[in-house]
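Visitor: I should like a close look at a single part of this model, namely the surroundings of the ligand. Please give one connected account, and then set that part within the whole.

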Amino acid sequence: MKSSFSFVFLLILVLQLILASAHNGKYERATYHDNYEGAAQNDQNYDDQDQKQEKGPAKYDQNYKQEREQPQNDQNYEQEDRDEQDDHAPSLDIPTLLDSLSSDDLLSFGHYSKSCPKAESIINKHVTKFVKEDRTLAPSLLRLHFHDCAVYGCDGSILLNHKGSERTAEASKSLRGFEVIDAIKAEIEEECPRTVSCADILTAASRDATFLLGGPYWDVPYGRTDGKVSIDRDADLVPMGRENITTLIEFYQSKGLNVLDLVILSGAHTIGRATCGSVQHRLYNNYAGIGRPDESLDYGYANFLTRKCRWASEYVDLDARTPQAFDNVYYKNLQGNLGLLTTDQSLYSDPRTSPIVDALADGPSDFFEHQFAVSMTKLGNILVPTVHDGGEIRTKCYSVNSNN
Ligand code: HEM
């Protein structure tokens, strides 16, 4: 048993090294999954947890109000990821700009070292202050960064708040943390005007939030630009928790991420909460028309959720057992049928992803945390060169410069 685990564990390490060297931090396409193992929980524990949550100091604000003031830009800026094909072999094809750009060329660790040396400390100061007042903002920042990078790269498009923008879409209604980014931007603009992009601020803020939650720290390369286009229907491209594994793998691949990244990044659900609307379809005898709850849910957990989730607007922890800790218990939960979202639990039922879940669940939590930093770096490096080149440094993160 132990030796088979060690083998899987080593296999994954080798796989990651091969992938890392093959892609060298550029846009990759790959597949990923999350898993969890079934540790039956007793119903009473969930009740206790439930009460603690309600008594706890941290509260989710309900400020999901969206402003829709600016005219929608209906331009379709969907891009082919042509730059993913690293086409250095001799050929008669004339290289285009898209062929030659990679995040390695566009981003660097010293990007603001002369132009805005205080940028990182300003970001960290604000994230720390906001999270101290409301710890639930930390996971929300992490999710916001994912939703930014998942649509045409990390370009701050999720932050734009005009009529018909991604942020105003139904799919974005539970995104939070915008006020943190606005506060950071305001101070950075005073310190070094028109220098630091909102996309960079969001990337660094999500790293700082992860660290504040007890997760890993990693260096963020900078130099992203802010996109000028944000369209509400594109928010539907981001997985919402009911997709199957093939869809998730293909989605991640389209961003240059692989199956390992899928499983590792899903580990972000070790912290934070979901609205019950994301899980009700698994409950109340609703599931897939079978007249009973989803059978891949632990029985006691299903009972807990049934009571907890009468209203779609209620919140429930993504990690049933250690919701406050940034650890690998998320994967152990999957092994015990305690995955909250359909997409979480599916990671453990699909043979392409379940061995990775086992390795992460059975290995040391440090292994997960290290790999999380690696995959987060890859997530933050997703750039769409044409969007990047057409971008700007916004003076306000919620609005393109031409509207300011
Ligand atoms: C497999 C792809 C993913 C799916 C299907 C997915 C789905 C979801 C859903 C449905 C929610 C709850 C939304 C709600 O009901 O309000 C959620 C929350 C969250 N997601 Fe994901 N997610 C995915 C990947 C990621 C990634 C890559 C990250 C970060 C790296 C992430 C971080 C989070 C966090 C931290 C929360 C909690 C947010 C909060 O507490 O405010 N997710 N996700």
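Guide: A residue is called buried if 20 or more other C-beta atoms lie within 10 Å of its own, exposed if 12 or fewer do, and partly exposed in between, with C-beta atoms placed from the backbone. The model is predicted: local features need pLDDT of at least 70 and side-chain atom pairs count only at pLDDT 80 or more, whereas totals for chains, interfaces and linings use all residues. Residue numbers start from 1 along each chain as its sequence is written. Helices (H or I, at least four residues) and strands (E, at least two) are DSSP runs, numbered from the N terminus.

The ligand is surrounded by 26 residues, a residue being near a molecule if its C-beta atom, placed from the backbone, lies within 6 Å of it. The closest of them are Ser-174, Pro-239, Gly-241, Gly-272 and Ala-274. At least two residues of this shell come from each of helix H6 (137-149), helix H10 (259-266) and strand S2 (273-275), and H6 gives the most, with 5 residues. Sorted by class, the shell holds 12 nonpolar, 11 polar and 3 charged residues; here Ala, Val, Leu, Ile, Met, Phe, Trp, Tyr, Cys and Pro count as nonpolar, Asp, Glu, Lys and Arg as charged, and the others, Gly among them, as polar. Domain 1 (1-60 + 257-381) and domain 2 (63-74 + 97-240 + 382-404) each contribute at least three residues to the shell, the bounds coming from an automatic or database domain assignment.

Pro-239 is also listed by UniProt under "binding site", in an unreviewed entry; UniProt positions are given in the numbering used here, feature names are shortened, and annotations may be inferred rather than shown by experiment. Pro-239 belongs to the loop between helix H8 (198-212) and helix H9 (245-254). Because it has 18 C-beta neighbours inside 10 Å, Pro-239 counts as partly exposed. Neighbours within four places in sequence aside, Pro-239 is in contact with Leu-248, Phe-251 and Thr-343, contact meaning that two C-beta atoms, placed from the backbone, lie within 7 Å.

Leu-248 is itself one of the buried residues of H9, together with Ile-245, Ile-249, Tyr-252 and Gln-253. Viewed down the axis of H9, these buried residues fall within an arc of 135°, so they line one face of the helix; the arc is that of the directions from the helix axis to the C-beta atoms. They pack against H10 and helix H13 (342-346). After H9 comes Gly-256, with a positive phi near 85°.

UniProt also places a "binding site" feature, in an unreviewed entry, at His-269, which lies in the loop between H10 and S2. His-269 counts as buried because 27 C-beta neighbours lie inside 10 Å. Residues up to four places away in sequence not counted, His-269 touches Leu-318, Asp-319, Tyr-330 and Asp-344.

The wider setting may be added. Helix H14 (residues 354-362) has 7 of its 9 residues buried, so it is largely enclosed by the rest of the structure; the buried ones are Ser-354, Ile-356, Val-357, Asp-358, Ala-359, Leu-360 and Ala-361. The protein has 16 helices and 3 strands, and 47% of its 404 residues count as buried. Of the contacts between residues at least 6 apart in sequence, 81% join residues at least 24 apart.
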